[in-house]
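Here is a short briefing to read alongside the sequence and the model. Feel free to keep the viewer open and follow each topic as it comes up.

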Amino acid sequence: MRTKFAGRVLASIKWRTEKQSAKRQQAKSAMRTKFAGRVLASIKWRTEKQSAKRQQAKSAMRTKFAGRVLASIKWRTEKQSAKRQQAKSAMRTKFAGRVLASIKWRTEKQSGKAACRINSKGCGQMDESLFINVDEKTLKAIDEKMPPEEELQDLAEFFKVFGDATRLKILYVLLSAEMCVYDIAAVLNMSQSAISHQLRVLKQMDLVKNRREGKTIFYSLADGHIVTILSQGLDHIEE
């Protein structure tokens, strides 16, 4: 009986011990789970807090950068505006200077000229007191040789025609033979429209004449004076 009782006592002690051990294990496991949950919650909170701080920092940096960009754009715009104003002011000053210089030059030129009354022929009465080495005879000769103003303008327009190389080429081509627009364009290796335009100018100044043969128009020099002008001009250049 004692042995049986002792066995029961030992079995009871063993059961209680195992039960307490299981409770302790459960308590430890619950504590560990609770602790792990707190740790995870703490980590999550810190992560969210750091993420919020990063977002705020990024937003602040973007705002700051945008402010700097706007300030830079404003500064450049103001600088460019100031440069434009300076450039406009400089141009106006330069233009005013040129106008004043032109007025001064014209005034000096007019004051230094002979007192000449322009009439239909050219120079009329001249004040001899304005000349140093020119006598009355020379002034009279100049007055007689000076063409009228209208003729001088026509002469200027006439010589202006010779100021284009294409027109001179056309005249030299017509020195050799009478030609139509197509042949002149082929000889000079130019377009027919360009040749037609220059022939129109030459015809307006009576440097060339034309004749129609069927549907073709032939061009030639107006007279022998053109040959003389070209020849003498070339001789003058080659001297």
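Is valine 9 buried, partly exposed or exposed? Valine 9 counts as partly exposed, because its relative accessibility is 33% and the partly exposed class runs between 20% and 50%. Please keep in mind that this is a predicted model. The points below go through surface patches, aromatic pairs, salt bridges and one further residue.

**Surface patches**

- Valine 9 belongs to helix 1, which spans residues 2–112.
- Together with Phe5, Leu10 and Ile13, Val9 makes up a nonpolar patch on the surface. The accessible area of these four residues together is about 400 Å².
- A negative patch is also found on the surface, made of Glu149, Glu150, Glu151 and Asp154.
- Aspartate 154 from that patch sits in helix 3, residues 149–161. With a relative accessible area of 52%, aspartate 154 is exposed, since the class begins over 50%.

**Aromatic pairs**

- The structure has three aromatic pairs. One of them joins phenylalanine 158 and phenylalanine 159 in an edge-to-face arrangement, with 5.5 Å from centre to centre and 80 degrees between the planes.
- Phenylalanine 158 also pairs edge-to-face with phenylalanine 162, at 5.3 Å centre to centre and with 70 degrees between the planes.
- Why do both of these pairs count as edge-to-face? The reason is the angle: 80 degrees in one pair and 70 degrees in the other, where the class calls for planes over 60 degrees apart.
- Ring pairs thus tie Phe158, Phe159 and Phe162 into a cluster.
- How is this cluster placed with respect to the surface? Phenylalanine 158 is buried, at 18% relative accessibility, because buried means under 20%. Phenylalanine 162 is buried as well, whereas phenylalanine 159 is partly exposed, with a relative accessible area of 48%.

**Salt bridges**

- How many salt bridges does a search of the whole structure find? The search finds three.
- Within helix 3, glutamate 157 and lysine 160 are three residues apart, about one turn of the helix. These two residues form a salt bridge, and their closest N and O atoms are 3.3 Å apart. Glutamate 157 is partly exposed, at 37% relative accessibility.
- Glutamate 178 is bridged to arginine 211, with 2.8 Å between the closest N and O atoms. This pair links distant parts of the chain, 33 residues apart: glutamate 178 is in the loop between helix 4 (165–176) and strand 1 (179–180), while arginine 211 is in strand 2 (residues 208–213).
- Arginine 211 has a salt bridge to glutamate 213 too, where the closest N and O atoms are 2.9 Å apart. Through shared partners, the salt bridges join Glu178, Arg211 and Glu213 into one network.
- Each member of this network has a place in the partly exposed class: glutamate 178 has a relative accessible area of 33%, arginine 211 is at 35%, and glutamate 213 is at 45%.

**Aspartate 183**

- Aspartate 183 is part of helix 5, residues 181–188, and counts as partly exposed at 38% relative accessibility.
- Which distance separates aspartate 183 from valine 173, C-alpha to C-alpha? The two are 10.0 Å apart in space and ten residues apart in sequence.

Technical notes
Residues numbered from 1 in each chain as written. Predicted model: local features only at pLDDT ≥ 70, side-chain atom pairs only at ≥ 80, totals over all residues. Heavy atoms only, no water. Patch = residues over 30% accessible without salt bridge, like charges linked within 9 Å, V, L, I, M, F, W, Y side chains within 5 Å. Areas by Shrake-Rupley, 256 points an atom, 1.4 Å probe, with all protein chains shown as cover. Salt bridge = Lys/Arg side-chain N within 4 Å of Asp/Glu carboxyl O. Lys, Arg positive; Asp, Glu negative; His and termini not counted. Charge placed at Lys NZ, Arg CZ, Asp CG, Glu CD. Helix = DSSP H or I, 4+ residues; strand = E, 2+ residues; numbered from the N terminus. Buried < 20%, exposed > 50% of the residue type's maximum accessible area, 1.4 Å probe, protein only. Phe/Tyr/Trp six-rings, centres within 6.5 Å; stacked < 30°, edge-to-face > 60°.
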